[in-house]
Amino acid sequence: MRAIILCEGTTDLLMLQYVLQYRYDWEYDGFLENAVTNKLQKKKLKKDGANIEIQSCGGITNIPIRMKSIKDQLEYVTREEEFIDKVIILIDHDTIDSNRAFIEQINENLQTQFVEEDINNSSKWTINNYIFGTCQIDICFRCLPENETGAIEKIMLEALATDEVEEKLIKDSNDFITEMAQKQNRYLKKKSRISKAIFNTYFAIRTPEEKYDERARVLKAYDWKHNEVINRSFNFLDIST
């Protein structure tokens, strides 16, 4: 089994890696960074002969472009083991209309007919390979938070509130950023941006050095396997091998 998970940014990539690694027992199998910017681009995991590749696309607008690249690649693979069995796309719930706009962009790039109702449900992606003919790939568009606007970081903050100290730090970060968003109309116009700002404010206090390794160390230390928020929000990552 081969799967690809596309996400918006590096923080999302880290969270996905740790849920797979520490909740669902996948084994870390390497990474790739951009040679120019040194930004993390992808991580690989393996389990029982199966492989998952998590890719950071650098923003939601780049996900349809990356999917078009995957489609072009799959149309010309010549060996079955090169094919992909499952694609998961993880996006923030930016606005009430953002899911519909995202699906429209996907359809425009891929010449597909996905609908907004496909988000948070399993679907099929048809690929016409020039050797194997018509092939069906499992595809899952996952939007978090599912029932309200915001960003994936909002869910992670809920998971990180493990004691009174962390709860107060998160609350104070939330209060500060919310106040700043209300006092002006230039920045933090979207709820997803507010969630990310709260998340980054929290980590600015936890790890003021602003190093990737320090943030990764903090995230890695949590009990991913038994965290109720993680189990509820990320159960779509319980992928069969």
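This report walks through the sheet, two neighbouring residues in one of its strands, a helix pair and a few unusual backbone spots.

## About the model

This is a predicted model, in which local features need pLDDT of at least 70 and side-chain atom pairs count only at pLDDT 80 or more, while totals for chains, interfaces and linings use all residues. Residues are numbered from 1 along each chain as its sequence is written, and side-chain values use heavy atoms, with hydrogens and water left out.

## The sheet

Let's start with the strands. Seven of them form an open sheet with mixed pairing, in the order S2-S3-S4-S1-S5-S7-S6. Helices (H or I, at least four residues) and strands (E, at least two) are DSSP runs, numbered from the N terminus, and two strands pair if DSSP finds at least two bridges between them. At the edges are strand S2 (27–33) and strand S6 (122–129), each pairing on one side only. From one strand to the next, the twist averages 20°. As background, strands of a sheet pair through backbone hydrogen bonds, either parallel or antiparallel.

Both senses can be seen here. S2 and strand S3 (residues 40–47) are antiparallel, with five bridges, and Glu-27 stands opposite Lys-46 in S3. S3 and S4 are also paired in the antiparallel sense, over six bridges; here Leu-45 has Ile-52 in S4 as its bridge partner. The hairpin of S3 and S4 has two residues between the strands, and Asp-48 in this hairpin takes a positive phi near 50°. Strand S1 (residues 2–7), by contrast, runs parallel to S4, joined by six bridges, and Arg-2 stands opposite Asn-51 in S4.

## Glu-53 and Gln-55 in strand S4

Which strand holds Glu-53? Glu-53 sits in strand S4 (residues 50–56), and Gln-55 lies in strand S4 too. Glu-53 is buried, with a relative accessible area of 16%, and Gln-55 is buried at 5%. The cut-offs are simple: buried means under 20% relative accessible area, exposed over 50% and partly exposed in between (1.4 Å probe, protein chains only).

The side chains of Glu-53 and Gln-55 are joined by a polar contact of 2.5 Å. Such a contact is a pair of N or O atoms within 3.5 Å; within protein, one must be able to donate a hydrogen and the other to accept it, and residues adjacent in sequence count only if both atoms are side-chain atoms. The side chain of Gln-55 also has a polar contact of 2.5 Å with that of Arg-66. Contact in the broader sense means heavy atoms within 4.5 Å. Leaving aside neighbours within four places in sequence, Glu-53 is in contact with Ala-3, Ile-4, Ile-5, Lys-42, Lys-43 and Lys-44. On the same basis, the contacts of Gln-55 include Leu-6, Cys-7, Leu-13 and Gln-41. The C-alpha atoms of Gln-55 and Leu-32 are 9.3 Å apart, with their positions 23 residues apart along the chain.

## Helix H4 and its partners

How do H4 and H6 pack? Helix H4 (residues 152–160) and helix H6 (residues 191–206) meet at an angle of about 40°, with their axes 8 Å apart. That makes H4 oblique to H6. Axes are lines fitted to C-alpha atoms, for helices over the stretch in contact, and angles run from 0 to 180 degrees between N-to-C directions. Under 35 degrees counts as roughly parallel, over 145 as roughly antiparallel, 65 to 115 as roughly perpendicular and the rest as oblique.

On the H4 side, the residues that meet H6 include Met-156 and Leu-157; on the H6 side, Ile-198 and Phe-199 are among them. By class, this contact has seven nonpolar, one polar and three charged residues. (Ala, Val, Leu, Ile, Met, Phe, Trp, Tyr, Cys and Pro count as nonpolar, Asp, Glu, Lys and Arg as charged, and the others, Gly among them, as polar.) Ser-195, found in helix H6, counts as buried at 9% relative accessibility. Not counting residues up to four places away in sequence, Ser-195 touches Gly-150, Ala-151, Glu-153, Lys-154 and Leu-157.

H4 also lies across strand S5 (86–92) and strand S7 (133–144), running at about 85° to S5.

## Backbone spots to look at

Pro-145, in the loop between S7 and H4, follows a cis peptide bond from Leu-144, with omega near -5°.

Two loop residues other than glycine have positive phi. Asp-25, with phi of about 65°, is in the loop between helix H1 (10–23) and S2 and is partly exposed at 48% relative accessible area. Asn-120, with phi near 70°, lies in the loop between helix H3 (98–110) and S6 and is buried at 16%.
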